[in-house]
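Hello,

Here is the structure I promised to hand over. Please look through it first, then read my notes below.

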Amino acid sequence: MAAKAKAEEVPVDGAGEQHPTAAAEELAAQKREQRLRKFRELHLKRNEARKLNHQEVVEEGKRLKLPANWEAKKARLEWELQEEEKKKECTARGEDYKKKVKLLEISAEDAERWERKKRRKNPNLGFSDYAAAQLHQYHRLTKQIRPDMETYERLREKHGEEFYPTSNSLLHGTHVPSTEEIDRMVVDLEKQIEKRDKYSRRCPYNDDADIDYINERNAKFNMKAERFYGKYTAEIKQNLERGTAV
């Protein structure tokens with residue numbers, strides 16, 4: 001024990017101060033301890049970064065295996081779930097979600113943008129030809145059809161196997177419409193006649209079109225000029241609008 005205590009003694013000079021060699025060794029030991037501590041910290045940070053990189057690689061691999069439009073589908077499903085929750089809350093409160101609550105959350109800008117998009121998707125350009133008019137009326141009438149399941153079941157029980165006609169079936173042409181069906185057809189025809197009387201062949205007015213006329217006569221002249229010379233003056237018009245015309 002005496003030898004060990006003697007070995008641990010710090011040499012001092014005659015004035016009682018620490019020896020310069022011992023002070024240098026202690027300073028070097030402190031610096032070495034600091035470097036080792038920093039090295040351990042860097043080692044831990046490297047392991048943490050390696051772990052995070054591995055997690056990101058795994059997540060990226062999962063995303064690459066998903067469909068291309070997965071993010072859009074996910075957002076759509078989340079939106080639908082939120083809509084269902086809001087509908088349930090409104091139903092519990094006795095409120096109409098579509099006609100009252102939902103409209104309060106739509107801004108005027110969004111409503112105007114949706115209306116313009118709707119007009120572009122289903123533009124009513126008036127009469128173009130009889131085939132297009134007939135197709136338009138066909139789609140309008142088919143949208144009004146509401147299946148009557150009671151009549152369907154009654155006719156199927158009445159005709160049996162002949163309800164599903166084949167090439168040898170004689171059921172075609174034997175159907176007699178009911179009074180309600182005739183009345184519905186008469187009402188629809190009267191609406192068509194009334195609408196035809198109010199029909200005008202005037203071209204529809206487009207609110208989004210640029211105003212480049214001063215009156216109706218000038219508007220017609222500009223339309224004719226655009227129809228015949230528009231493709232030749234398109235570049236000049238664009239330069240004038242940008243202010244870069246020579």
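**Negative patch**

Helix α8, residues 179–198, is the biggest contributor to the negative patch, giving 3 residues. The full patch lies on the surface and is made of D148, E150, E180, E181 and D183. D148 sits in a loop, the one between α6 (130–143) and α7 (149–159). Its relative accessible area is 46%, so D148 counts as partly exposed. Patch residues need over 30% relative accessible area, and D148, at 46%, clears that cut-off.

Please note that this is a predicted model.

**Overall build**

The protein has 9 helices and 0 strands. Read from the N terminus, the order is α-α-α-α-α-α-α-α-α. Of the 246 residues in the protein, 5% are buried. The exposed area comes to about 23,900 Å². Carbon and sulfur atoms supply 56% of that area.

What about contacts along the chain? Take those in the protein with a separation of 6 or more. Residues 24 or more positions apart account for 24% of them.

**Salt bridges**

How many salt bridges does a search of the whole structure find? The count is 6. Three of them are described here, one by one.

Start with E80 and R76. Their side chains meet in a salt bridge, at 3.3 Å from N to O. Both residues belong to helix α3 (residues 70–93). They are 4 residues apart, which is about one turn of the helix. Are these two buried or exposed? E80 is partly exposed, because its relative accessibility is 33%. R76 is also partly exposed, with a relative accessible area of 48%.

Next come E95 and R93. Their side chains form a salt bridge too, with N to O at 3.4 Å. E95 has 33% relative accessibility, so E95 counts as partly exposed.

Last, look at K237 and E226. Which distance separates their closest N and O atoms? The gap in this salt bridge is 3.2 Å. K237 is partly exposed, its relative accessible area being 37%. E226 is partly exposed as well, at 42% relative accessibility.

**Where to look**

To view the patch, begin at helix α8 (residues 179–198), then go to D148 in the loop between α6 and α7. For the salt bridges, helix α3 is a good place to start, since it holds both E80 and R76.

Best wishes

How values were computed. Residues are numbered from 1 along each chain as its sequence is written. This is a predicted model: local features need pLDDT of at least 70, side-chain atom pairs count only at pLDDT 80 or more; totals for chains, interfaces and linings use all residues. Side-chain values use heavy atoms; hydrogens and water are left out. Helices (H or I, at least four residues) and strands (E, at least two) are DSSP runs, numbered from the N terminus. Buried means under 20% relative accessible area, exposed over 50%, partly exposed in between (1.4 Å probe, protein chains only). Contact means heavy atoms within 4.5 Å. Accessible areas come from the Shrake-Rupley method with a 1.4 Å probe; for residues, only the protein chains shown count as cover. Patches are made of residues with over 30% relative accessible area and no salt bridge: like charges are joined within 9 Å, nonpolar side chains (Val, Leu, Ile, Met, Phe, Trp, Tyr) within 5 Å. A salt bridge is a side-chain nitrogen of Lys or Arg within 4 Å of a carboxyl oxygen of Asp or Glu. Lys and Arg count as positive and Asp and Glu as negative; His and the chain ends are not counted. The place of a charge is taken as NZ of Lys, CZ of Arg, CG of Asp or CD of Glu.
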